[in-house]
Amino acid sequence: MPVVVLNNRDHKQLKVQPPADFNYLANVHMLPLVMQECGHAGNEYPVVFTKKEGTEEFQLVAIFGLSAKSNLFVKDGQWLGLYMPAIIQNIPFKIINDANQPENMVLGLDTDSEIVSEEQGEALFDADGNETEFLQAMKESVGKYYEQDQMTQAAVKALKELDVLVECDLTVGVGDQRIRFDGVYTTDIVKLRELPDDTFIDLRNSDLLPLLYAQMFSINQFHRLSRLESASTTPSD
């Protein structure tokens, strides 16, 4: 999807409306999170670390399904979860590099998004080309998310360097079936306890401990995925 730099010349007439449904996420079985939302997300979804494709870098993600292209929280176009991950809330906006000045980060817009048009929704600019209150609010939201994402990437990198992330030996039962998860990492509580006192205090002062504990507790949400999977495959009367 092309994400272009938003401007009041090319996009003056554009509007953004809420999505009619969430079917576009029906095949998305995981999404990245920022550390600040881990507590909320972990109350509903398994939150784990995975390696970015083709790299050794870790990322923090929420899991929505037990197999690729399966999202158990989308049904009949509705999102069943109470918490909506922040990355979804900011669609179709994203912070991107300015092509003319790559060192600058600017607000981008996915102009191919189904919720972007000239007919319906919230206007991005007024008749004089000034930003509307809606666009100002979205710019603030996306900017805040970008800052939190940068903090999260730095935090996850620090956790990797401390060697407190360990691959899970994780198998989930659905009826008689057993589904094994590979490439899923969690916090190693033993290694966490063995950290030197000053390092542990640094984690506490960096607000990383709430992230780690919320992530560890959220592993139990795989049982919720199992129940949702069983319910989705059980024929109704």
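What follows is an exchange about the helices, cores and strands of a predicted model.

Colleague: How are α5 and α6 oriented to each other, roughly parallel or roughly perpendicular?

Modeller: The axes of α5 (residues 197–205) and α6 (residues 209–218) come within 7 Å. They cross at roughly 85 degrees. Angles of 65 to 115 degrees count as one class, so the two helices are roughly perpendicular.

Colleague: Which residues of α6 meet α5, and how many residues of the contact are charged?

Modeller: From α5 come Phe 200, Leu 203 and Arg 204. They meet Leu 209, Leu 212 and Tyr 213 in α6. By class, the contact has 5 nonpolar and no polar residues, and the charged count is 1.

Colleague: Is α6 mostly covered or mostly open, and how many of its residues are buried?

Modeller: α6 is mostly covered. Its buried residues include Leu 209 and Leu 212, both of which also meet α5. Gln 215 and Ser 218 are on the buried list too. The count is 7 of 10.

Colleague: Which residues have the most contacts inside the largest nonpolar core?

Modeller: That core has 49 residues. Helices α1 (38–42), α3 (133–162), α6 and α7 (222–233) each supply at least two of them. So much for helices; strands β4 (47–51), β5 (58–63), β13 (170–174) and β14 (177–181) each do likewise. The residues with the most contacts inside the core are Trp 79, Leu 159 and Phe 222.

Colleague: Which residues of α6 is Leu 159 in contact with, leaving aside neighbours within four places in sequence?

Modeller: Leu 159 is in contact with Phe 49, Val 164, Leu 165, Leu 203 and Leu 208. Two further partners belong to the buried set of α6. These are Leu 211 and Leu 212.

Colleague: How many residues are in the other core?

Modeller: This core lies apart from the largest one. Among its members are Leu 109, Val 116, Phe 125 and Leu 135. Its size is 14 residues.

Colleague: Which strands stand at the edges of the sheet of 3 strands?

Modeller: The sheet is open, with order β10-β2-β11 and antiparallel pairing. 2 bridges join β2 (residues 15–16) to β11, and Val 16 stands opposite Glu 122. Each edge strand has a single partner, so one side of each is left without a neighbour in the sheet. The edge strands are β10 (116–117) and β11 (122–123).

Colleague: How far apart in space are Val 106 and Ser 70?

Modeller: Val 106 lies in β9 (residues 105–110). Its contacts include Val 5, Ile 95 and Asn 97. Ser 70 is 36 residues from Val 106 in sequence. C-alpha to C-alpha, the separation is 33 Å.

Terms used:
Residues numbered from 1 in each chain as written. Predicted model: local features only at pLDDT ≥ 70, side-chain atom pairs only at ≥ 80, totals over all residues. Heavy atoms only, no water. Axes fitted to C-alpha atoms, helices over the stretch in contact; angles between N-to-C directions. Parallel < 35°, antiparallel > 145°, perpendicular 65-115°, else oblique. Contact = heavy atoms within 4.5 Å. Nonpolar A, V, L, I, M, F, W, Y, C, P; charged D, E, K, R; others polar. Core = buried A, V, L, I, M, F, W, Y, C linked by side-chain atoms within 4.5 Å. Buried < 20%, exposed > 50% of the residue type's maximum accessible area, 1.4 Å probe, protein only. Pairing = 2+ DSSP bridges.
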